Amino acid sequence: AISALGGAALYPFVNFRRSLKAFGAFCGTLCLEGLAAGGLGLFLGAAAPSTDVALALFPPVLVLMIIFNGFNIAEASTPKLLRWVPKISLIRWCSEALAVNEFF
């Protein structure tokens, strides 16, 4: 919800579409992405044997999601062993939803 507040404050300054529907979808997408990221953190915390391991797991998971989000490496160029990463990348789906909201 905090990211949605920041997004709502910046929305008029970045020249996005000026419609209430687009603004609502933008804020809703940011809220859902924040909830999904929180859920990922809770999952890693529950799956890890200790707090230190959970804190050590989170950055590599996020880096994988950033690298394989479809903007840095195309899904077709992804190694076969890692083809599942773009499908579960929270960053990819949030970016895609925001792009669809703005341009379609």
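I take contact to mean heavy atoms within 4.5 Å, and I keep in mind throughout that the model is predicted.

**Overall layout.** I looked up the secondary structure first and found that the protein chain has five helices and zero strands, which along the sequence gives the pattern α-α-α-α-α. For the extent of the protein chain I noted that its C-alpha atoms fill a box of roughly 45 × 35 × 15 Å along the principal axes. Of its 104 residues, 22% count as buried, and among the contacts with a separation of 6 or more, 39% come from residues 24 or more positions apart.

**Helix α2.** I then checked the span of α2, residues 20-47: at 1.5 Å a residue its 28 residues should span 40 Å, and because its end C-alpha atoms are 40 Å apart, the two values agree. I listed its buried residues as Ala22, Phe26, Cys27, Thr29, Leu30, Leu40 and Leu44, and I found that the buried residues of α2 pack against α1 (2-10), α3 (51-67) and α5 (90-103).

**α2 against α3.** I followed one of these pairs further and read a packing angle of about 135 degrees for α2 and α3, with their axes 9 Å apart. That angle makes α2 oblique to α3, and I recorded the crossing of the two helices as right-handed. On the α2 side the contact is made by Ala37, Leu40, Gly41, Leu44 and Gly45, while α3 contributes Ala54, Leu57, Phe58, Val61 and Met65. Sorting the residues of this contact by type, I obtained eight nonpolar, two polar and no charged. Leu40 and Leu44, which belong to this contact, are also among the buried residues of α2.

Note on methods:
Residues are numbered from 1 along each chain as its sequence is written. This is a predicted model: local features need pLDDT of at least 70, side-chain atom pairs count only at pLDDT 80 or more; totals for chains, interfaces and linings use all residues. Side-chain values use heavy atoms; hydrogens and water are left out. Helices (H or I, at least four residues) and strands (E, at least two) are DSSP runs, numbered from the N terminus. The expected span of a helix is 1.5 Å times one less than its number of residues. Buried means under 20% relative accessible area, exposed over 50%, partly exposed in between (1.4 Å probe, protein chains only). Axes are lines fitted to C-alpha atoms, for helices over the stretch in contact, and angles run from 0 to 180 degrees between N-to-C directions. Angles under 35 degrees count as roughly parallel, over 145 as roughly antiparallel, 65 to 115 as roughly perpendicular and the rest as oblique. A crossing is left-handed if the near helix is turned anticlockwise from the far one by less than a right angle, and right-handed if clockwise. Ala, Val, Leu, Ile, Met, Phe, Trp, Tyr, Cys and Pro count as nonpolar, Asp, Glu, Lys and Arg as charged, and the others, Gly among them, as polar.
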